[in-house]
Amino acid sequence: MAFEKVSYAGWEQCVRLNNQQIELVATQEVGPRIIRFGFRGGKNVFGEIAADLGKKGGEEWRLYGGHRLWHAPEAKPRTYYPDNQPVNVSGEENLLVLVQPEEKTTHLEKRIILEMDEEENHVKVTHQIFNRGLWEIEFAAWALSVMCPGGFAIVPQEPFASHQELLTPVRPVVLWGYTDMSDPRFRWGQKYVTLRQDPQIASPNKAGFGNTQGWAAYWTENFVFLKLFFYQQRVKYPDFGSTVEVFTNGDFLELETLSPLCRVFPGEAVEHVEHWFLFKVEEPFQDDDSFIDATLLPLVNRAWKKIKA
């Protein structure tokens with residue numbers, strides 16, 4: 001296990017956390033932002049926005065790439081507060097804590113806490129947003145991962161039940177004004193919904209899901225990036241009940257999870273935890289339910305077994 005200061009992608013001050021299998025890089029001059037995640041010396045499964053790399057300061061919001069923390073529901077200018085200033089970085093061995101200074105207009109303070117497994121391909125990612133203002137406010141923590149081009153997002157459906165077995169609905173599917181359900185990048189399967197990132201299709205598209213299964217994945221080349229989270233019952237989620245959202249355009253795809261909406265009093269925080277896993281896979285991706293059942297579902301079950309142990 002190692003924790004070291006490095007330069008990366010034009011930023012002189014970054015922090016690298018790694019074990020024998022995986023590594024991540026967090027920026028210190030902007031953020032909080034995890035700009036790289038992958039196997040040691042291998043492909044970055046996160047997307048990087050070339051025009052933004054190495055930049056810092058200023059009032060313009062930049063995408064940068066990598067993994068970031070937002071507050072939901074989405075609104076301008078509140079959500080788009082620029083994360084262009086230095087963050088406080090602390091930690092040791094397998095623990096890294098990134099703290100953004102209080103946002104001047106929202107009076108929110110973002111923290112990301114990263115705990116890397118000492119040996120295996122697993123990182124626990126705790127997202128916290130503190131209310132540093134004078135009044136209570138309602139919001140959700142929103143964890144967004146910009147993924148590298150050319151892969152497939154995979155979101156599980158609820159278990160199939162026949163009309164005779166179940167008469168009531170089991171999940172919301174949430175659409176935006178620009179959502180195009182006929183878009184060939186989407187596949188609406190019986191067990192899974194997939195969304196393909198296609199550099200040849202520039203138009204944006206997005207969908208949200210009331211996913212109670214607690215996971216979503218991104219398959220790129222011979223790697224699978226897997227997010228696990230714990231669904232909470234009898235609470236209100238943002239965006240008509242979305243726990244997972246997927247967005248894509250011609251440059252990248254975002255794999256997103258959300259916490260419940262919470263009324264947060266001054267000094268208190270919303271917390272949202274993801275568990276990241278990274279797997280190597282032998283076969284190229286096949287976009288059908290039976291292939292996902294045979295190849296991805298065993299990895300999901302292995303990951304759940306790990307975090308519940």
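This report covers strand β9 and its neighbours, a charged surface patch and several salt bridges.

## Basis of the model

The model is predicted: local features need pLDDT of at least 70, side-chain atom pairs count only at pLDDT 80 or more, and totals for chains, interfaces and linings use all residues. Residues are numbered from 1 along each chain as its sequence is written, and side-chain values use heavy atoms, with hydrogens and water left out.

## Strand β9 and its partners

Strand β9 spans residues 122-131 (strands are DSSP runs of E, at least two residues, numbered from the N terminus). Of its 10 residues, 9 are buried (under 20% relative accessible area with a 1.4 Å probe, protein chains only; exposed is over 50%, and partly exposed lies in between).

β9 runs antiparallel to strand β8 (residues 108-116), and 9 bridges join the two. Strands count as paired if DSSP finds at least two bridges between them. R111 stands opposite Q128 in β9. The connection from β8 to β9 is a hairpin of 5 residues. β9 also pairs with strand β21 (residues 269-280), again in the antiparallel sense and over 9 bridges. There, V125 has E274 of β21 as its bridge partner.

## A negative patch

The loop between β8 and β9 holds E119. This residue counts as exposed because its relative accessibility is 58%. E119 belongs to a surface patch of negative charge together with E92, E93 and E118. Such patches are made of residues with over 30% relative accessible area and no salt bridge, with like charges joined within 9 Å. Asp and Glu count as negative, and the place of a Glu charge is taken as CD. Accessible areas come from the Shrake-Rupley method with a 1.4 Å probe.

## Salt bridges

The whole structure contains 21 salt bridges (a side-chain nitrogen of Lys or Arg within 4 Å of a carboxyl oxygen of Asp or Glu). One of them joins R16 to E23, at 2.6 Å from N to O. R16 and E23 are both buried. They are also part of a salt-bridge network with E4 and R36.

A salt bridge between E254 and R68 has an N to O distance of 2.9 Å. E254 lies in strand β19 (residues 253-258) and R68 in strand β5 (residues 67-72), so the pair ties together parts 186 residues apart in sequence. E254 counts as buried at 6% relative accessibility, and R68 does so at 3%.

K206 and E245 form another salt bridge, at 3.1 Å from N to O. This pair links strand β15 (residues 205-209), which holds K206, to strand β18 (residues 244-248), which holds E245, 39 residues apart. K206 is buried, with a relative accessible area of 3%, and E245 is buried at 0%.

How values were computed
Helices (H or I, at least four residues) and strands (E, at least two) are DSSP runs, numbered from the N terminus. Patches are made of residues with over 30% relative accessible area and no salt bridge: like charges are joined within 9 Å, nonpolar side chains (Val, Leu, Ile, Met, Phe, Trp, Tyr) within 5 Å.
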